[in-house]
Amino acid sequence: MGATLYDKLWQAHCVREDADGTTLLYIDRHLVHEVTSPQAFEGLRLARRQPWRTDSVLAVPDHNVPTTPRGHGVSDIADPVSRLQVETLDRNCSDFGIREFTMNDPRQGIVHVIGPEQGATLPGMTVVCGDSHTSTHGAFGALAFGIGTSEVEHVLATQCLIQKKSKNMQVRVEGRLGPGVTAKDVVLAIIGEIGTAGGTGYAIEFAGSAIAALSMEGRMTVCNMAIEAGARAGMVAVDQTTIDYIAGRPFAPQGEQWSRAVAAWRDLVSDADAHFDRVVTLQAAAIAPQVTWGTSPEMVMAVDARVPDPEQVADPVKRDGMRKALAYMALQPGTAVSDIALDKVFIGSCTNSRIEDLRAAAAVAAGRRVADNVKLALVVPGSGLVKQQAEAEGLHEIFIAAGFQWREPGCSMCLAMNADRLEAGERCASTSNRNFEGRQGAGGRTHLVSPAMAAAAAVCGHFVDVRELGPQTGAH
Amino acid sequence: MEKFTRLDALVVPLDRANVDTDAIIPKQYLKSVQRSGFGPNLFDDWRYLTPGEPGQDHSQRPLNPDFVLNQPRYAGARILLARENFGCGSSREHAVWALEDAGFRVVVAPSFADIFFNNCFKNGVLPVVVEGAVLDRLFAAVAGCEGYRLQVDLQAQQLVTPQGEVIGFEVDEFRKYCLLNGLDDIGLTLQQAEAIREYERKRRQEAPWLFA
């Protein structure tokens with residue numbers, strides 16, 4: 001019987017395996033940010049240990065950084081506690097000889113944007129980071145997953161993790177996506193289908209013609225949210241799209257090494273006779289733009305649907321969860337999506353802050369104006385290089401003319417560790433990945449959508465089906 | 001890491017599914033560069049009536065009397081009874097640090113999110129998986145009996161109810177060994193240093209671009 005992509009990646013990184021399946025797994029790339037690393041570095045110091053392989057580590061501050069002007073460097077971080085955390089990362093990287101893109105480096109950005117952008121994420125790698133959205137990097141045919149701080153310390157000290165293999169799941173999306181339907185809608189529809197714990201215990205390979213047709217940016221968006229379906233790892237097989245994306249990036253192999261690498265990467269696909277423990281298939285044509293209505297990513301509906309009624313649900317735990325979610329979200333069952341008005345709009349995060357995302361949002365924003373009831377519409381590019389590219393294309397001018405704020409790169413309002421946040425009761429259309437209670441600020445209400453849907457909500461002041469937005473009038 | 005062998009403690013029921021790590025410890029507290037001190041902010045948004053910030057004197061904040069952890073009958077509980085997919089979301093180990101700092105050593109649920117589950121074992125906290133029907137009975141028993149306690153025996157892999165009912169649970173052998181002995185698994189892995197170097201030598205031949 002053949003091997004899945006996940007089987008191949010696992011096998012290639014197995015240093016040793018015990019009889020019960022406990023495996024010492026080798027890690028090729030370790031990405032580090034300021035929030036989940038300080039205690040790991042402190043642990044190394046206390047045990048008088050050194051990093052095993054500093055060349056495998058790339059560090060960047062992203063969660064705490066301000067997105068407002070920060071030309072003076074770390075001193076521009078107003079919150080002293082946030083500032084100390086960024087300074088601590090700088091000091092740890094300097095002390096241990098680890099490569100870091102510091103806050104004002106043009107290459108700085110969200111850790112899951114810069115890894116691929118630099119070619120630091122390559123097919124066939126194991127990639128870890130103290131961040132659950134590390135699954136993003138699986139888009140490159142890599143085995144990538146989030147770890148806790150103790151495991152960050154473990155990888156720093158040993159270059160390995162003690163793991164057990166997950167089961168294999170394949171999620172196939174077949175056919176062509178309709179106009180206005182994006183990778184974000186695909187992954188939200190998948191989570192709606194299998195549930196927020198549907199992938200627990202599995203590594204998910206996303207496959208099928210609709211996945212193969214996605215750009216690398218789109219594949220990253222899909223893999224990014226594998227964790228929201230409970231799977232630690234999501235991945236997509238290597239094809240020409242993958243290889244074309246990597247070619248010429250700073251950390252990518254060059255010359256003769258490049259040819260050898262590409263030849264090896266071509267094998268990073270599941271064999272035709274590989275066995276999956278579970279297969280789920282969705283039809284691309286049936287996927288509409290998606291909007292979450294609750295406080296878990298599985299609480300999602302098509303834009304043309306209505307907010308569901310908990311009283312129609314038989315399972316008491318699920319019913320109670322829906323009631324709590326609707327109360328928190330201040331929504332009534334039966335409400336049309338287009339009747340939900342917004343206070344703020346956030347376009348950014350490791351899910352949707354790459355150039356393609358900004359282009360999609362700008363295409364909707366062009367010639368329109370942010371609605372009066374929307375107090376703040378933020379566009380936060382995923383990295384300094386994404387920002388440069390967007391500015392070279394004039395996207396920032398479109399956003400600014402439409403009344404959006406054009407910011408510096410970082411995690412920003414996805415989790416509101418910096419100053420960008422929702423106030424209690426505010427409702428936000430967000431391109432991020434989690435609609436948990438308080439995620440974007442205590443008492444804030446988050447609806448997850450695609451960049452195009454977020455931009456459409458910003459200019460209309462309420463959700464609208466981006467497919468029905470019609471031609472731009474220039475005078476909304 | 002503190003050893004875990006057995007525990008006889010009060011149980012508190014948190015009757016909701018998909019409790020995420022943002023709820024267990026909200027983001028503003030992740031700015032700490034320390035490993036301790038997160039206990040007062042466990043379930044912060046549910047526990048207090050006012051928003052909190054790091055550095056505040058949390059003992060001065062008004063408590064939400066409706067939140068189960070604030071009810072006097074559950075004061076001092078060290079076993080948390082929870083629902084499906086406990087600990088989903090962010091990888092933040094601070095969630096386990098907060099539970100541990102607040103005195104919890106055991107979480108009993110029908111399922112856990114993977115990263116949270118792993119993080120527990122690194123911090124001397126035992127996540128126990130029990131099936132839904134058993135859990136429903138435990139929730140009912142806790143609600144119906146003030147002072148309800150469970151005995152947890154890791155060596156025997158058993159929960160024992162006050163009535164003497166024995167509920168077995170599974171635990172991975174390696175993790176059990178580490179937990180019973182309070183072992184730091186970095187030290188154990190470093191005993192394999194030669195195997196790791198041998199792997200690197202071989203891998204460097206096959207895929208030199210991974211070592212650039």
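This is a dialogue about reading the contacts, charge pairs and backbone angles of a predicted model.

Trainee: How should I begin with the contact between chain B and chain A, and what area is buried there?

Mentor: The size of an interface is often given as the accessible area lost when the parts come together. In this predicted model, about 5300 Å² is buried between chain B and chain A, and carbon and sulfur atoms give 56% of that area. On the side of chain B, the residues that lose the most area to chain A are Lys27(B), Lys31(B) and Trp209(B), which together make up 15% of what that side buries.

Trainee: How many residues does each chain bring to the contact?

Mentor: Chain B brings 58 residues and chain A brings 75 residues.

Trainee: Apart from area, how many polar contacts and salt bridges cross the interface of chain B and chain A?

Mentor: Side chains of opposite charge can pair when their charged atoms come close. Across this interface there are seven salt bridges, and one salt bridge between the chains joins Arg439(A) to Asp22(B), with their closest N and O atoms 3.0 Å apart. The residue pairs in polar contact across the interface, both partners being at pLDDT 80 or more, number 31.

Trainee: Which elements of chain B give two or more residues to the side that touches chain A?

Mentor: They include helix H2 (44-47), helix H3 (94-101) and helix H8 (193-206) of chain B, and H8(B) gives the most, with nine residues. Sorted by class, the side of chain B that touches chain A holds 20 nonpolar, 15 polar and 23 charged residues.

Trainee: Which domains does the assignment give for chain B?

Mentor: The assignment gives domain 1 (6-181) and domain 2 (183-212), and the C-alpha centres of these two domains of chain B lie 36 Å apart.

Trainee: How many salt bridges are there over all chains, and where could I look at one inside a helix?

Mentor: The search of the whole structure finds 43 salt bridges over all chains. A good case to look at is Glu42(A) with Arg45(A), whose side chains meet at 3.5 Å, N to O. These two residues are three apart in helix H2 (residues 38-46) of chain A, which means that about one helical turn separates them. Glu42(A) is partly exposed at 36% relative accessibility, and Arg45(A) is also partly exposed, at 29%.

Trainee: What of a pair that links distant parts of the chain?

Mentor: For that, take Arg83(B) and Asp136(B), which form a salt bridge at 2.7 Å, N to O. Arg83(B) sits in the loop between strand S2 (79-81) and H3 of chain B, while Asp136(B) belongs to helix H5 (residues 132-144) of chain B, and the two are 53 residues apart. Arg83(B) counts as buried at 8% relative accessibility, whereas Asp136(B), at 41%, counts as partly exposed.

Trainee: Which residues other than glycine have a positive phi here?

Mentor: Most residues other than glycine have a negative phi, and most peptide bonds are trans. Two cases to look at are Gln159(A), with a positive phi of about 65°, and Ser349(A), with a positive phi near 90°.

Trainee: Where are they placed, and are they buried or exposed?

Mentor: Gln159(A) lies in the loop between helix H5 (149-158) and strand S8 (160-163) of chain A, and it is buried, at 1% relative accessibility. Ser349(A) lies in the loop between strand S15 (344-347) and helix H12 (355-365) of chain A, and Ser349(A) is buried too, with a relative accessible area of 1%.

Methods:
Residues numbered from 1 in each chain as written. Chains lettered and ligands numbered in written order. Predicted model: local features only at pLDDT ≥ 70, side-chain atom pairs only at ≥ 80, totals over all residues. Heavy atoms only, no water. Contact = heavy atoms within 4.5 Å. Buried area = accessible area lost by both parts, 1.4 Å probe. Salt bridge = Lys/Arg side-chain N within 4 Å of Asp/Glu carboxyl O. Polar contact = N/O pair within 3.5 Å; in protein donor to acceptor, adjacent residues only side chain to side chain. Helix = DSSP H or I, 4+ residues; strand = E, 2+ residues; numbered from the N terminus. Nonpolar A, V, L, I, M, F, W, Y, C, P; charged D, E, K, R; others polar. Domains from an automatic or database assignment. Buried < 20%, exposed > 50% of the residue type's maximum accessible area, 1.4 Å probe, protein only.
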